[in-house]
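This briefing introduces one structure to a reader who has not seen it before. Please look at the sequence and the model first, then read the points below.

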Amino acid sequence: MEAILELITSPAAWLALVTLIVMEVVLGIDNLIFISILSNKLPEDQRTRVRRIGISLALVLRIVLLSSLVWITKLTTPVFDLGISLPGEHGEPAMETAFSVRDLILIAGGLFLVWKATTEIHHNVDPEASGETLDKKGKAISGFGAAIVQILLLDMVFSIDSILTAVGMSDDLPVMVTAVVVAVGVMLFAADPLANFIARNPTVVMLALGFLLMIGAILIADGFGVHVPKGYVYCAMAFSAAVEALNIWARKARTGHGGPSDH
């Protein structure tokens with residue numbers, strides 16, 4: 001009890017909490033985009049349900065992982081090494097093949113994201129091509145089950161990345177748990193508005209799929225020891241989103257002033 005009171009009255013703990021919440025919310029955007037795209041392919045009456053289940057699974061996975069911190073830290077220990085290494089500009093390895101369990105999970109998750117984003121892009125470009133697991137013409141039950149399974153797989157990848165970030169930024173378990181719960185709560189609150197916005201603006205779907213493709217490539221690179229600074233990634237995403245926002249604004253302006261959309 002004294003330890004908890006000490007944390008509550010510690011400015012450093014509050015600063016760590018706020019910083020960690022912001023980081024967890026930012027890291028959760030990738031997860032949320034994926035859930036939004038998958039849920040929008042389901043019948044309308046199932047979308048909110050699958051989003052809530054997907055985000056709840058993310059919370060459960062994060063709490064379980066936080067309760068297994070010793071096991072989590074062991075995930076970064078190399079389990080095998082292919083002996084290949086490319087030196088960087090300053091002599092440090094730019095790429096290495098000493099793979100840990102975390103690396104293998106990131107590579108598998110990245111490959112899954114690249115496959116999923118590529119398949120969805122193809123489906124959007126050529127709507128007549130069928131065969132999708134979540135094809136709109138497919139059965140609702142199999143679509144719902146497939147969505148939950150795919151969300152669970154990606155939740156696991158994003159959760160491990162999220163918890164390793166939390167472990168690296170704080171040593172206090174209550175601070176980490178609070179940050180994770182708040183961040184997932186924000187995801188839960190933002191899920192429906194984000195998914196509805198994507199559904200109303202078809203061009204945003206392609207942008208979001210492009211984000212997933214980029215995130216998948218970065219996960220694979222990270223698994224091979226090539227660390228792309230997250231700041232560059234989120235700046236690129238923010239710039240692309242700003243350009244798309246201008247496009248949406250321009251389309252609405254043309255529609256409102258008797259443009260081609262009125263005829």
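E244 is buried, as its relative accessible area is 12% and the cut-off for buried is under 20%. The model is a predicted one. The points below cover its salt bridges, one long-range contact, helix α3 and the packing of two helices.

**Salt bridges**

- Two salt bridges turn up when the whole structure is searched.
- One of them joins E244 to R251, with 3.6 Å between the closest N and O atoms.
- R251 has a relative accessibility of 30%, so R251 counts as partly exposed, whereas its partner E244 is buried.
- R51 forms a salt bridge with D192, and here the closest N and O atoms are 2.7 Å apart.
- This pair links distant parts of the chain, since R51 belongs to helix α3 and D192 to helix α7 (residues 173-200), 141 residues apart.
- R51 is at 3% relative accessibility and therefore counts as buried.
- D192 has a relative accessible area of 24%, which makes D192 partly exposed.
- As a general point, side chains of opposite charge can pair when their charged atoms come close.

**Helix α3**

- Helix α3 covers residues 44-66, and its 23 residues should span 33 Å at 1.5 Å a residue.
- The C-alpha atoms at the two ends of α3 are 34 Å apart, which agrees with that expected span.
- The buried residues of α3 are Q46, V50, R51, G54, I55, A58, L61, R62, L65 and L66.
- In general, an α-helix has 3.6 residues a turn, so residues three or four places apart point the same way.

**Packing of α5 and α8**

- Helix α5 (residues 101-125) packs with helix α8 (residues 202-223) at an angle of about 155°, and their axes are 7 Å apart.
- Angles over 145 degrees count as roughly antiparallel, and α5 and α8 are therefore roughly antiparallel to each other.
- The two helices, α5 and α8, make a left-handed crossing.
- Sorted by class, the residues in the contact of α5 with α8 are 17 nonpolar, six polar and four charged.

**V157 and L219**

- V157 is part of helix α6, which runs over residues 140-169.
- With a relative accessibility of 6%, V157 counts as buried.
- V157 and L219 are 62 residues apart along the chain, and 9.3 Å separates their C-alpha atoms.

Definitions and conventions:
Residues numbered from 1 in each chain as written. Predicted model: local features only at pLDDT ≥ 70, side-chain atom pairs only at ≥ 80, totals over all residues. Heavy atoms only, no water. Axes fitted to C-alpha atoms, helices over the stretch in contact; angles between N-to-C directions. Helix = DSSP H or I, 4+ residues; strand = E, 2+ residues; numbered from the N terminus. Parallel < 35°, antiparallel > 145°, perpendicular 65-115°, else oblique. Left-handed = near helix turned anticlockwise from the far one by under 90°. Nonpolar A, V, L, I, M, F, W, Y, C, P; charged D, E, K, R; others polar. Expected span 1.5 Å × (residues − 1). Buried < 20%, exposed > 50% of the residue type's maximum accessible area, 1.4 Å probe, protein only. Salt bridge = Lys/Arg side-chain N within 4 Å of Asp/Glu carboxyl O.
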